[in-house]
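Reader: I should be grateful for a close look at a single part of this model. Please describe one residue and its surroundings in detail, and then place it beside other parts of the fold.

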Amino acid sequence: MKSKDESPAAPPSSPPVQFNRRHLLGLEELSAEEITCILDNAESMKSIFTRTVKKVPTLRGRMVCNLFFENSTRTRTSFELAAKRLSADVVNFNIATSSVAKGESLLDTARTIQAMHVDIVVIRHSCPGTPHLLSRRLNMSVINAGDGAHEHPTQGLLDTFTMREKKGRIKGLKVAIVGDILHSRVARSNIWALTKLGARVALVGPSTLVPRQFEKLGCEIHHNLKEGIAGADVINLLRIQLERQRKNLFPSIREYRLLYGLNRDRLRYAKPDVLVMHPGPVNRGVEISQDVADGPHSVINEQVTNGIAVRMAVLYLLSGNAGTAPATE
Ligand code: CP
């Protein structure tokens, strides 16, 4: 008889959906079915975390390269862990000590990595569209780990996964996203996933950071925090990018905190069982108070854990194994 650790991961509960994509560039181009397919596969991947041996041989012999032109703690580390848990080999490309510092172009750098027979490249870059460019010019699978203010698809997926795990559904939830929506790739990817899956999305912040143009994506716009979070099932707070203060998009950090900072008093306007989320890194005492960040409604650390499961699912599906659950050792 097989022990619990030897049994295969449970297959996704919904009928298998073919995931025929080679790249994950954004959630805008994915259907609701494809997003659900990734979330279902992530659920199977998460079941591996509680085993004694937290590793499956699904991607043995495959090579994943993390190519991050911007800083990262969560995304880079969790892609590395996700790849290792699927038994892939991982290379973390260090931009600072690479020949990029000598002026080597992005495409030449990527072509060099491809020549080393890498199968999947995970790229973060400040320029929107960089992953799309690489996907057109190279033979490797490309995963967007954040391109400028455009998209951060795996963050959108892990946020949606965490909401579905905690609330049992996405359809009909009221999700308030608070902060600098205009410059946020996290907000865009959340908006695409949540609206496609039937959530009600309320965007909250000053008019300079939450312009009316987002109504075209099917979102509500609120410039008053209490109105925006009223009756919310989920509040997803975005990092206030302190560097933007120089551009006069809001008067001061102090004023932002006074008008839009989430604290225990303001949390009462949302539903009693509201989830408080944040993609990180967190500015404690600015967009969120210390007690709410560490309080009973916060699922910030669970988002990080779920990020590994979601990234395992993405690596697995892109590597062409759609339709079969991962086997164990
Ligand atoms: N949420 C997120 O993208 O965090 P990192 O910048 O640490 O990867």
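Author: What follows is an account of one asparagine, then of a helix and a pocket.

The model is predicted. Asn 144 belongs to strand 4, which runs over residues 141-147. Its relative accessible area is 0%; because buried means under 20%, Asn 144 counts as buried.

The side chain of Asn 144 has polar partners. One of its polar atoms lies 2.7 Å from the backbone nitrogen of Gly 146. The side chain of Asn 144 also makes a polar contact of 2.8 Å with the side chain of Asp 147. Beyond the neighbours within four places in sequence, Asn 144 is in contact with Leu 24, Leu 25, Ile 123, Pro 131, His 132, Glu 151 and Pro 153.

Helix 5 covers residues 153-167. With 15 residues at 1.5 Å a residue, helix 5 should span 21 Å, and its end C-alpha atoms are indeed 21 Å apart. Helix 5 is mostly covered, with 13 of its 15 residues buried. Just after this helix, Gly 168 takes a positive phi of about 80°.

The last part to consider is the largest pocket, which holds about 590 Å³ of space. Its lining is made up of 24 residues, and those nearest its centre are Arg 124, Arg 185, Arg 239, Gly 280 and Pro 281. Helix 2 (74-85) and helix 6 (185-196) are the elements that give two or more residues to this lining. By type, the lining of the largest pocket comprises 12 polar, 7 charged and 5 nonpolar residues.

Methods:
Residues are numbered from 1 along each chain as its sequence is written. This is a predicted model: local features need pLDDT of at least 70, side-chain atom pairs count only at pLDDT 80 or more; totals for chains, interfaces and linings use all residues. Side-chain values use heavy atoms; hydrogens and water are left out. On a 1 Å grid over the protein atoms alone, a cavity is a set of points where a 1.4 Å probe fits but cannot get out, and a pocket is an open set with protein on both sides within 12 Å along at least five of seven lines; lining residues have an atom within 4 Å of a point. Grid points are joined across faces, edges and corners, and a volume is the space filled by probe spheres set on the points. Helices (H or I, at least four residues) and strands (E, at least two) are DSSP runs, numbered from the N terminus. Ala, Val, Leu, Ile, Met, Phe, Trp, Tyr, Cys and Pro count as nonpolar, Asp, Glu, Lys and Arg as charged, and the others, Gly among them, as polar. The expected span of a helix is 1.5 Å times one less than its number of residues. Buried means under 20% relative accessible area, exposed over 50%, partly exposed in between (1.4 Å probe, protein chains only). A polar contact is a pair of N or O atoms within 3.5 Å; within protein, one must be able to donate a hydrogen and the other to accept it, and residues adjacent in sequence count only if both atoms are side-chain atoms. Contact means heavy atoms within 4.5 Å.
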